[in-house]
Amino acid sequence: MKKRIFSGAQPTGELHIGNYLGALKNWVALQDEYESFYCIVNLHAITLPQDPKILRQKTLDLARIYLAAGVDPEKATIFIQSDVPEHAELTWVLSCQSRMGELERMTQFKDKAKVKFKGEQLTFGGEDVTFGAPSVGFGLLAYPVLMAADILLYQTDLVPIGQDQKQHLELTRDLAERFNRDFGDTFKVPEPFIPPVGAKIMSLQDPAKKMSKSDENLNGSIFLLDDADTITKKIKRAVTDSGTDINFDETRPAIKNLLTIYQLLSAKTADECVEHFAGSGYGDFKGQLAETVVEFLRPFQERIKEYDAPSLDAILKKGAEKARSIASETLQDVYEKTGIK
Ligand code: AQP
């Protein structure tokens with residue numbers, strides 16, 4: 001029997017090349033070897049305010065992006081999180097097993113709470129952290145519990161994620177182990193799959209910050225739907241480091257980041273990349289990088305238009321049915337073990 005994968009992305013903002021290289025690219029690479037479940041996590045999206053109309057549209061757009069990236073609906077199960085109500089139901093049960101302290105410690109919660117709720121300062125969570133205001137949404141705190149439910153419902157072996165989600169996966173493992181200890185063996189304890197290269201693509205404007213959908217500086221990210229002109233401009237404006245060599249030097253993070261994007265999209269080894277650009281200046285390097293990104297994204301953007309509404313609908317309906325057949329078994333077991341049913 002094939003081992004199982006679960007992963008997902010939020011239908012918020014614009015997906016960027018970091019989301020692709022850190023996650024989607026690996027989903028495609030792993031779909032032959034594993035029984036794969038790729039979810040559009042719309043319930044996660046509402047942990048921050050969303051426009052309902054835009055959210056509905058973005059949910060379908062994201063399904064198209066999965067398909068255009070190469071997720072094959074004949075091999076992998078693609079579905080919308082809210083079409084499988086077991087995700088929300090298991091979240092409640094796992095919430096009752098979660099501790100405030102462990103949720104308050106999550107880096108993403110601390111970052112997002114800080115950014116979104118600027119205001120009066122106060123100390124929060126027994127830790128040396130100050131937040132902007134007392135009205136941080138509970139959904140933001142509960143986010144990793146919902147993520148744990150997503151993964152554990154499918155008795156998942158492996159979770160392909162970028163570096164930023166590693167801490168959430170560790171919490172998922174803790175919750176699975178705690179539940180198994182207290183109620184008997186119920187969940188498989190999943191392993192993360194974090195790619196050795198590309199797990200954290202950095203902002204083009206600040207190599208100390210990860211490329212991020214919510215970055216206010218749009219020049220920091222290359223979005224999957226950017227046109228050729230915009231991509232070229234963004235790469236030309238990307239910050240560089242002092243020095244002239246083009247190599248993977250930890251002390252020159254801006255060039256290392258650009259070269260990593262080049263490496264992953266050109267399918268060259270690290271040594272081949274360094275050799276290829278030996279003696280080149282930054283201008284030439286950036287020009288070739290821009291061409292590589294544009295050439296990669298052109299057919300991708302064409303493929304997005306391939307699926308009309310009825311065929312997309314059929315894929316998502318079939319995906320939800322398959323997902324539910326597995327998720328409902330796990331939830332039934334959880335309800336029996338906890339005395340709910
Ligand atoms: N910069 C990145 N490099 C590599 N992988 C990344 N991922 C996110 N950013 C990078 C991975 O992409 C997957 C889908 O993530 P998501 O939809 O949950 O994205 P997100 O966290 O909303 O995306 P951002 O850009 O990180 O958004 P904000 O700005 O809201 O924080 C995940 O596997 C993630 O690890």
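**Salt bridges in a predicted model**

Let me start with one pair, in which the side chains of Lys188 and Asp157 form a salt bridge, with 3.2 Å from N to O. These two residues join distant parts of the chain, since Lys188 sits in the loop between α8 (166–183) and β7 (191–193), while Asp157 sits in the loop between α7 (138–152) and β6 (158–160), and they are 31 residues apart. Please keep in mind throughout that this is a predicted model.

Are the two partners buried or exposed? Lys188 has a relative accessibility of 39%, so this residue counts as partly exposed, whereas Asp157, at 16%, counts as buried because that value falls under the 20% limit.

The second pair I would like to show is Lys210 with Asp164, whose side chains meet in a salt bridge at 3.1 Å, again given from N to O. Lys210 belongs to the loop between β7 and α9 (228–237) and Asp164 to the loop between β6 and α8, so this pair ties together parts that lie 46 residues apart in sequence. Lys210 is partly exposed at 30% relative accessibility, and Asp164 is partly exposed as well, with a relative accessible area of 35%.

A third salt bridge brings together the side chains of Lys256 and Glu250, at 3.4 Å from N to O. Here Lys256 is partly exposed, with a relative accessible area of 26%, whereas Glu250 reaches 60% and is therefore exposed.

Turning to the whole structure, the search finds 19 salt bridges, and I would also point out a network of salt bridges that links Arg4, Glu35 and Lys322.

Conventions: Residues numbered from 1 in each chain as written. Predicted model: local features only at pLDDT ≥ 70, side-chain atom pairs only at ≥ 80, totals over all residues. Heavy atoms only, no water. Salt bridge = Lys/Arg side-chain N within 4 Å of Asp/Glu carboxyl O. Helix = DSSP H or I, 4+ residues; strand = E, 2+ residues; numbered from the N terminus. Buried < 20%, exposed > 50% of the residue type's maximum accessible area, 1.4 Å probe, protein only.
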